[in-house]
Amino acid sequence: MKNISVISGNTTEDLAKKVSRKIGANYVKSEIRVFPDGESKITLSGKISKKRSIVVQSIFPPVDTNLLHALSLIAKARETSSKVTAVIPYMGYARQDREFLPGEIVTMKVLAKLFKGAGASEIVAVDIHSLIGLKHFKFKTKNISAIPDLVRYFKKMRLKEPLVVSPDQGGKERAAEFAKELGSEFIALEKKRDRKSGKVEIKTKNATEVIGRDLILVDDMISTGGSIVKATQFLKKQKCKKIFVACTHALLMNDADKKIRKAGVSKIISANTIPGKTSIVDISNSIAKAIV
Ligand code: R5P
């Protein structure tokens, strides 16, 4: 696509470059300098298109800094481009999409206003935690699924009749989509999270379906690893064979990957919405297709 620029933030440079190459856009790099007081100064190098810019920036930790960078890149792009597409591969704050307890601020509502105010014409997210989050945006939104890309990886592993497992009922549809794409079956466990402490418990009593089978635990994201660790401990007690984890966004806070492996997971596979050791599935093709 001629006359389009891809402006990359510093969170997912590699992904932005790949998208840019795939759609034949002009790549614009951002240089970030952080001052001793924590403020950042962003300098762009490259030509910004008058017609359309695509800003690529994930909102993972440091979440508020990366959010401000995304907004700043959008605002800068909008000074030149008449259309700005904000591609947010990992949408931070997406779990704060409704008021769970009285008095809670629905941060996704705030984000929607900020993105609009900065000048975004549309938002493209990848496996956003829930589509409710996108309903707060009063302009065009799109959610891309990384499942076909993740499944392609698992197909190459040639596991024998693996069973897809969601650690909670909220992920049931995701597990169903994964299983359908893989040509396998799925189950969803019952998980309870204490809204105040964040502690997780698996409420399912038994799951005879898993006995003697390799499992693929599928989730949209791993943060502390609590959900996957509890699900793994439960599934191991049910006498399954190997457990693999597939997720889109691997935040892996505080050595979560080590805790997950210690619990008995053989391998964690995630997408490159957040770069890291487990992010081996490239989703640039899916993004490129979605934005043309
Ligand atoms: C929750 O509903 C999400 O889909 C994830 O299961 C959860 O956010 C993962 O967080 P953690 O790794 O801290 O349990």
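Okay, let's start right at the ligand: one of its oxygen atoms sits 2.9 Å from an N or O atom in the side chain of R95. Before I go on, keep in mind that this is a predicted model.

R95 isn't alone there. The side chain of D219 has an N or O atom 2.6 Å from a ligand oxygen. Then there's G225, where the backbone does the job: one of its N or O atoms lies 2.8 Å from an oxygen atom of the ligand. And how much of the ligand does the protein bury? On its own the ligand exposes 380 Å², and 90% of that is buried by the protein.

So who's in the neighbourhood? There are 14 residues around the ligand, and the ones that come nearest are D219, D220, T224, G225 and S227. If you want to find the shell on the screen, look for β10 (191–193), β12 (215–222) and α7 (226–237), the elements that each give two or more residues to it. Which of them gives the most? That's β12, with 4 residues. As for character, the shell has 6 charged residues, 6 polar ones and 2 nonpolar ones.

Now let's zoom out to the domains. The domain assignment gives us two: domain 1 covers 4–145 + 282–291, and domain 2 covers 147–272. Notice that domain 1 is written as two stretches of the chain. Measure off the C-alpha centres of the two domains and you get 28 Å between them. Each side puts 16 residues into the contact, 16 from domain 1 and 16 from domain 2.

People often quote the size of an interface as the accessible area lost when the parts come together. Here, domain 1 and domain 2 bury about 1,500 Å² between them, and carbon and sulfur atoms account for 54% of it. On the domain 1 side, three residues to click on are Y90, D127 and S145: they supply 35% of the area that domain 1 buries against domain 2, more than any other three residues.

Last bit: two backbone oddities. Where's the cis peptide bond? It joins P61 and P62, with omega at about -5°. You'll find P62 in the loop between β4 (52–56) and α2 (63–80).

The other one is Y93. Its phi is positive, about 70°, even though Y93 is not a glycine. This residue is in a loop too, between β5 (83–88) and α3 (107–118).

That's my tour, thanks for listening!

Methods: Residues are numbered from 1 along each chain as its sequence is written. This is a predicted model: local features need pLDDT of at least 70, side-chain atom pairs count only at pLDDT 80 or more; totals for chains, interfaces and linings use all residues. Side-chain values use heavy atoms; hydrogens and water are left out. A residue is near a molecule or strand if one of its heavy atoms lies within 4 Å of it. A polar contact is a pair of N or O atoms within 3.5 Å; within protein, one must be able to donate a hydrogen and the other to accept it, and residues adjacent in sequence count only if both atoms are side-chain atoms. Accessible areas come from the Shrake-Rupley method with a 1.4 Å probe; for residues, only the protein chains shown count as cover. Ala, Val, Leu, Ile, Met, Phe, Trp, Tyr, Cys and Pro count as nonpolar, Asp, Glu, Lys and Arg as charged, and the others, Gly among them, as polar. Domain bounds come from an automatic or database domain assignment. Contact means heavy atoms within 4.5 Å. Buried area is the accessible area (1.4 Å probe) that two parts lose on being put together, summed over both.
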